[in-house]
Amino acid sequence: MQRPRRLVTVSHSYVVTLNRRLANEMARVGGGAWDVTAVAPRFFHGDLRPIHLQPDSDEPAKVEGVRAFLSRSPHAFVYGPELREHLRRGVDLVHAWEEPFVLAGLEVALLTPHRVPLVFSTFQNLSKRYPPPFAQTERFVVGRSTGWVAGGQTVKDNLLGRPGYAARRSCIIPMGVDTELFRPDRASGEAVRRELGWSADGPPVIGYLGRFVPEKGVSLLMRVLEQLRTPWRALFAGGGPLEAELRAWAARHEDRVRVLTGVPHEGVPRVLNAMDVLCGPSQTLPRWKEQFGRMLAEAFACGVPVLASTSGEIPHTVGDAGRLLPEADDSAWARALSDVLESPELRRELSSRGREWAVRRFSWPVVARAHLDFFETLLERR
């Protein structure tokens, strides 16, 4: 009987249990054909707080902790020397969930034995010029790699024009969503509305989920809501520097607007189910455009109709499951929202279409299987 192929996947994000879902799902859908080990820092300075690695005894993937140095900087941190041993113990393929221009990505490339295929994942959808040593780091990692995974179509389109990328095999695999956690649940949504002090028979709820920052289009959505003649309520869930401005605006609308902050990840499905439509009005800036739009995929999974802008990767995330609108066209947004608010039938159609799209494209088993299929293709070609 052929032994399982041994996959080691390395990422600083694996220090968070939730972020190891890809590794665990690859172990699960791989069955006995793949033996998956996730290598993560034992400790990492996160964006909001320091994080210690806490493996779960129920995880199907093995979890190995290593030291990480300079972890306050995602670009300059490196793993401890014990990483070398994890990459050399009969490994068939190494997957680095680290951008190829960061020093941790370089370290993984240097420590992976020459006979072992190396694949990296990237989400860089902006054309950038990196200063030394990051430009040299990118060229080395791409040259050492056997293949690369692009997090979206705009990522692949951007990177194919950079040196070395076109010479390596690549595939597009989006981020995954837990379609069992994120699912239609009318009862939980109604419970959230009651908690917010809203009656069950009020106007439809227009939702926003994400950071309260200019590039996410919060200001556009406030302007558009001012234009609507159809009755509405609005729920903004998230947090960020525009919170004070948003709350001041909400106060002028009395009972029609709620601003909800501090929602934990496990509470997001309840909040989404309290919405009748989710808006993702992201605005492209010179140094930013949407890389994926996780809130859109999560809304689809919950059966919530989606209206979204054409920023970055959003058209590929939405496909034909939602409505795409020009980024800065307030009138187009107002018309589209009015159509959705005034038509329960349209909302039901978009709800059904979105849920089917999420299960087929973003569910974790589908995303994990796509990774393993790509890895198998690379191994067979060698």
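**Rings, burial and crossing helices**

Me: Both Trp148 and Tyr165 are buried. What makes Trp148 count as buried?
Reply: This is a predicted model, and the value is computed from it. Trp148 has a relative accessibility of 0%. Buried means under 20%, so Trp148 qualifies.

Me: And how do you know that Trp148 and Tyr165 form an aromatic pair, and of what kind?
Reply: Their ring centres are 5.1 Å apart, and the limit for a pair is 6.5 Å. The planes make an angle of 85°. Anything over 60 degrees is edge-to-face, so that's what this pair is called.

Me: What does the pair of Trp148 and Tyr165 tie together?
Reply: Trp148 sits in strand S10, while Tyr165 belongs to the loop between helix H5 (153-159) and strand S11 (169-172). The pair therefore links parts that are 17 residues apart in sequence.

Me: How many aromatic pairs turn up in the whole structure?
Reply: The search gives 14. One of them joins Phe120 and Trp148, with ring centres 6.5 Å apart and planes at 10°.

Me: Why is the pair of Phe120 and Trp148 called stacked?
Reply: Look at the planes: 10° is under the 30 degrees that stacking requires, so the pair counts as stacked.

Me: Which strands hold these two rings?
Reply: Phe120 is in strand S9 (residues 118-122) and Trp148 in strand S10 (residues 147-150). This pair therefore ties together parts 28 residues apart in sequence.

Me: Is Phe120 buried or exposed, and how do you know?
Reply: Phe120 has a relative accessible area of 1%. With the cut-off for buried at under 20%, Phe120 is buried.

Me: What about Arg5: why is it called partly exposed?
Reply: Arg5 has a relative accessible area of 24%. Buried would need under 20% and exposed over 50%, so Arg5 lands in between.

Me: Where is Arg5, and what is it in contact with?
Reply: You'll find Arg5 in strand S1 (residues 5-10). Setting aside neighbours within four places in sequence, its contacts include Ala33, Trp34, Asp35 and Glu376.

Me: On to the helices. What makes H10 and H13 roughly perpendicular?
Reply: The axes of helix H10 (residues 294-301) and helix H13 (residues 344-361) cross at roughly 115° and come within 7 Å. The perpendicular class runs from 65 to 115 degrees, so H10 is roughly perpendicular to H13. The crossing is left-handed.

Me: Which residues make the contact of H10 with H13?
Reply: H10 brings Ala297, Phe300 and Ala301, and H13 brings Gly354, Arg355, Trp357 and Ala358. By class, that's five nonpolar, one polar and one charged. Gly counts as polar, so Gly354 is the polar one here.

Me: H13 also packs with H12. What is their angle called, and why?
Reply: H12 and H13 pack at about 100°, with axes 5 Å apart. As 65 to 115 degrees is the perpendicular range, H12 too is roughly perpendicular to H13. Asp339, Val340, Leu341 and Glu342 of H12 meet Pro344, Leu346, Arg347 and Leu350 of H13.

Me: How do the residues of the contact of H12 with H13 divide by class?
Reply: They come out as five nonpolar, no polar and three charged. Asp, Glu and Arg count as charged, so the three are Asp339, Glu342 and Arg347.

Me: And why is H1 called roughly perpendicular to H14?
Reply: Helix H1 (residues 21-29) and helix H14 (residues 364-381) pack at about 75°, axes 8 Å apart. That angle lies in the range from 65 to 115 degrees, so the label fits H1 and H14. Leu22 and Met26 of H1 and Leu372 and Phe375 of H14 are among the residues in contact. The contact of H1 with H14 has nine nonpolar, one polar and three charged residues.

Me: Last one: what covers the buried residues of H7?
Reply: In helix H7 (residues 218-227), Val218, Leu220, Leu221, Met222, Val224 and Leu225 are buried. They pack against S12, S13, helix H8 (243-251), strand S15 (277-280) and helix H12 (330-342).

Conventions: Residues are numbered from 1 along each chain as its sequence is written. This is a predicted model: local features need pLDDT of at least 70, side-chain atom pairs count only at pLDDT 80 or more; totals for chains, interfaces and linings use all residues. Side-chain values use heavy atoms; hydrogens and water are left out. Rings of Phe, Tyr and Trp (its six-membered ring) pair if their centres lie within 6.5 Å; planes under 30 degrees apart count as stacked, over 60 as edge-to-face and the rest as tilted. Helices (H or I, at least four residues) and strands (E, at least two) are DSSP runs, numbered from the N terminus. Buried means under 20% relative accessible area, exposed over 50%, partly exposed in between (1.4 Å probe, protein chains only). Axes are lines fitted to C-alpha atoms, for helices over the stretch in contact, and angles run from 0 to 180 degrees between N-to-C directions. Angles under 35 degrees count as roughly parallel, over 145 as roughly antiparallel, 65 to 115 as roughly perpendicular and the rest as oblique. A crossing is left-handed if the near helix is turned anticlockwise from the far one by less than a right angle, and right-handed if clockwise. Contact means heavy atoms within 4.5 Å.
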